[in-house]
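The following exercises are intended for a reader meeting this structure for the first time. Each consists of a task and a solution in steps.

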Amino acid sequence: MTELHPHLRDNVRLLGELLGESIRHAPGEDCYNLIEEIRAAAKADRRKESDAGQRLLTLLRTLDDDQLLPVTRAFNQFLNLANLAEQYHGVRRNQGHASDLIVESLSDVFERLLQQGVSKEKLHHTVANLGIEFVLTAHPTEVTRRTLILKYDEISHCLGQLDHEDLLPAERDEIHNRLQQLITEAWHTDEIRHERPTAVDEAKWGFAVIENSLWQALPRFLRSLDQALIQATGEGLPLHATPLRIASWMGGDRDGNPNVTHQVSQRVFLLSRWMAADLFLRDVQVLRAELSMWQADDALRAAAGDAREPYRAVLGQLRDHLQKTRDWAEASMNGEAADATDILFENEDLIAPLQLCYDSLLHCGLSGIANGLLLDTLRRAYSFGLPLLKLDIRQEAARHAEAVGEIVAALGLGDYLSWSEDERQRFLITELSNRRPLIPRDFEPSDNVREVLATCRVVAGQTPEGLGSYVISMASTPSDVLNVILLLRESGMRHPMRVVPLFETLADLEGAPDAMRALYDIDWYRNYCACHQEVMIGYSDSAKDAGQMMAAWAQYQAQEALTEVASQSGIHLTLFHGRGGTVGRGGGPANRAILSQPPGSVNGTFRITEQGEMIRFKFGLPRLAEQSLTLYTSAVVEATLSPPPAPRPQWREMMNSLSRRALAAYRDVVREHPDFVTYFRQATPEQALGKLALGSRPAKRKASGGVESLRAIPWIFAWTQMRLMLPSWLGSDVALEEAAEQGQFPLMREMMAQWPFFRTYVDMLEMVLAKADLRIASYYDSTLVEPQYQPLGEALRARLAGCIRHLNELKQQDRLLRDEPVFAHSMRVRNPYTDPLHYLQAELLRRDREAEGTGQVQELVERALKVTMAGIAAGMRNTG
């Protein structure tokens, strides 16, 4: 079996030993020995040594209350350190030794496309006009505290220093001492948040990702893209090109989150401007120190006056404006009188002086200086700009209809909500074509509507560069889109904002093409959107609604149909993919996912959410972020210029058949089985998840209700914690079983070989099945589930085992992950650390539930329970 890369193995061992030293120091040698005994028993149990499993359970069940927390914390910390070592290994570059995680270079991708017959002109035009947006979302899946993330980043930096082969012994000792210090600090830091972050706290975390990683990574990446493009086509990346942008939902996503108000969004807009001014100020101060030259062109001299050092003079003026902008933003946030004189608000005011310096240096033959730090700052000015990122707004369609309804009622025009869709559209188009204000001066809205209108006013006060998309959840008709445009216009909006319907459930996805066709048929709207439309596909809720297989196929078909409808209507379509980190929420390797999209659906533009802990795993370190940007860009370029073939008719028939069986089997359990909800609540830690202060959003859309009211994230989180992984395979088990019985595997193997969509689906299913664990799931049942509900658990585990058996048969292999040995070994390394956490979690849940029944919840038990949740999430490399 493949072992870990020697360098990765050594780093995991080093960090583990340093953690052990910290534990030895406090709580002490006895605690360290106990932890080592548990770890040895867990390893022996995985090797199937006799009595090892019983020995492990005995050790865990006999822990005193004061031993619970240090033991759970030790295993949690090791898993986080193992993740850190793995993350660093993915980007290390040590004396030519490649890591296990190789990202194909842009040059190689471009060369391959040229060999396939793509012209140089076409390649250059596609890359120069790319529009990829990463939308950072505050979905509460990041269980690690930011305090610890900063320490982990510093540990990664130390591992990078150790990679130098010319270190003196004293230098190596110094780095080891620093690592020991950081790991000891982490060991003595509480890893659990005790208060939920506010929506503003979440936004600050998003800004920190830009400040600490993307600020350095993006210009470096654009430099490599420019060089690869010159090498391939002879022409570089235009200076103003912005192939990649960053957007955010943090502070803008109010769907189901009453904590995101118009005041929150206004504060986040100001915070982002403060952060941008601060970051650009640091850049400009460095540039002033560097650009001491006296040679300049006439345009720069005119701007600098008679200064001897014209670049410093112009940059000094820019520095003063940035300082005033930062002060204005801070005063505005604090509710103080803010002086807006000489502040920078429009992006052109930032770009112009930088461009002036750049053009002058080129004119004077100093291109080497121009294309250094100044070029990086100019690229940041185009890509991030004064707003730093684009803030999306998301709200439910019914909230906008309610607002328009109250306005219509106040005007005495009738009951808008009872009107037909045609009547609504006629009214909305008439009003949008009319310049007079609609809202009466004496209008007294309800609290709900007052908040919607206040949000629209905040949005209307921003520059276009600061705004992303206005996303409408539960959208199903053209009037849902027109309602938003009317409310924005009534609030003072002077430019067209992208308004984006979000299709989430199975019924939504099936109805999406007709809904968009009806919208495109409205001439007024075609003019408004300038023949460019964005549509969001929701992965999480469709998978929870219909099961993973049916959801994946419905998403594929919806994207095909939406692409076709847009093409027929002369509309350039951008698909916005609302993917989560887990397979059950549309996650998985990004390049594979992009390259398996329907042909024509990736047309040079691509938008995708990056959620929770996946932001850290992809963008947490500058080198890691560069790698992720390369991976996404090359995949979008390739999917645009060399899309996969359309599926053959017999493949479609096969997918229709498989997904119908899967849907029926999934819903038969999740919706129809009378014991399912009770079993779910007893077997998983779902009821305890609220104790983890993960994010500002409530875990449920409504305070009451069953599985249907639960958000997709806690739904996935709960099943992952007890390792049944049910949402990702339930339904697929029956589809695979029936396909095997009917002799359909040869056709399915042909589909795997020739259709990227199906191959990716099967591989993602295999990955999640490898994370499932029948023994652990069984232990949760025996510990937590009342006897009358245990037969359902037994039936589900039997189905899981059958799914694994049939998938191996389909792939003609004797074990899962045969072709992914690195991932398989990574899971094996983690098992001796996750196993004790699982067994402890089940025991702690039992104690916690018993204590709640008596009203005497023990703080130590509850704290240890939270640590097990965080540790298992780290061990699985995802939460929800």
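**Exercise 1. A network of charged residues**

Which residues are linked with Glu843 in a network of salt bridges?

*Solution.* The model is a predicted one.

Step 1. The network of salt bridges joins Asp65, Glu843, Arg846, Arg847 and Glu850.

Step 2. Take one pair from this network. Glu843 and Arg846 form a salt bridge in which the closest N and O atoms are 2.5 Å apart.

Step 3. Locate the pair. Both residues belong to helix H35 (residues 821-854), where three residues, about one turn of the helix, separate them. An α-helix has 3.6 residues a turn, so residues three or four places apart point the same way.

Step 4. Compare the surroundings. Buried means under 20% relative accessible area. Glu843, at 10%, is therefore buried, whereas Arg846, at 27%, is partly exposed.

**Exercise 2. A salt bridge between distant parts of the chain**

Determine where the two partners of the salt bridge between Arg46 and Asp773 lie, and whether each is buried or partly exposed.

*Solution.*

Step 1. The closest N and O atoms of Arg46 and Asp773 are 2.6 Å apart. The salt-bridge rule requires a distance within 4 Å.

Step 2. The two residues are 727 residues apart, so the pair links distant parts of the chain: Arg46 lies in helix H2 (residues 29-46), and Asp773 lies in the loop between helix H32 (756-771) and helix H33 (774-784).

Step 3. Arg46 is partly exposed, with a relative accessible area of 28%, while Asp773 is buried at 9%.

Step 4. For contrast, consider Arg319 and Asp320, whose closest N and O atoms are 3.2 Å apart in their salt bridge. Arg319 is partly exposed at 23%, and Asp320 is also partly exposed, at 35%.

Step 5. The count of salt bridges comes to 55.

**Exercise 3. The nonpolar cores**

Identify the residues that touch the most other members of the largest nonpolar core, and the helix that gives the most to it.

*Solution.*

Step 1. The largest nonpolar core has 159 residues, and those touching the most other members are Phe110, Leu123, Phe134, Leu322, Leu354, Leu388 and Tyr525.

Step 2. Helix H9 (residues 199-233) contributes the most to this core, with 17 residues.

Step 3. Examine Leu322 more closely. Beyond its neighbours within four places in sequence, Leu322 contacts Ala277, Phe280, Leu281, Val284, Leu344, Leu350 and Leu386.

Step 4. There is also a second, separate core of 126 residues, which includes Ala186, Tyr779, Leu784 and Leu817.

**Exercise 4. The second largest pocket**

How many residues line the second largest pocket, and which are the closest to its centre?

*Solution.*

Step 1. The volume of the second largest pocket is about 1500 Å³.

Step 2. The lining has 46 residues, and Met827, Arg828, Val829, Asn831 and Pro832 are the closest to the centre.

Step 3. At least two lining residues come from each of helix H1 (6-25), H2, helix H4 (65-89), H32, H33 and H35. H1 supplies the largest share, ten residues.

Step 4. Turn to the loop between H1 and H2, where Pro27 is found. The peptide bond from Ala26 to Pro27 is cis, with omega near 15°.

**Exercise 5. Two enclosed helices**

State how many residues of H36 and of H28 are buried.

*Solution.*

Step 1. Helix H36 (residues 859-876) has 18 residues and reaches 26 Å from its first C-alpha to its last, close to the expected 26 Å.

Step 2. Of these 18 residues, 14 are buried, so H36 is largely enclosed by the rest of the structure.

Step 3. In helix H28 (residues 712-721), ten of ten residues are buried; among them are Trp715, Phe717 and Trp719.

Step 4. Inspect what follows each helix. Arg877, just after H36, takes a positive phi of about 65°, and Arg723, which follows H28, has a positive phi near 70°.

**Exercise 6. Two residues in one loop**

Is Gln812 buried or exposed, and is Leu817 buried or exposed?

*Solution.*

Step 1. Gln812 is found in the loop between helix H34 (790-810) and H35, and Leu817 is placed in the loop between H34 and H35.

Step 2. Phi is positive at Gln812, near 55°, and at Leu817, near 60°.

Step 3. Gln812 is exposed because its relative accessibility is 55%, whereas Leu817, at 8%, is buried.

Technical notes:
Residues numbered from 1 in each chain as written. Predicted model: local features only at pLDDT ≥ 70, side-chain atom pairs only at ≥ 80, totals over all residues. Heavy atoms only, no water. Salt bridge = Lys/Arg side-chain N within 4 Å of Asp/Glu carboxyl O. Helix = DSSP H or I, 4+ residues; strand = E, 2+ residues; numbered from the N terminus. Buried < 20%, exposed > 50% of the residue type's maximum accessible area, 1.4 Å probe, protein only. Expected span 1.5 Å × (residues − 1). Core = buried A, V, L, I, M, F, W, Y, C linked by side-chain atoms within 4.5 Å. Contact = heavy atoms within 4.5 Å. 1 Å grid on protein atoms, 1.4 Å probe; cavity = no way out; pocket = protein on both sides within 12 Å on 5 of 7 lines; lining within 4 Å. Points joined across faces, edges and corners; volume = space filled by probe spheres on them.
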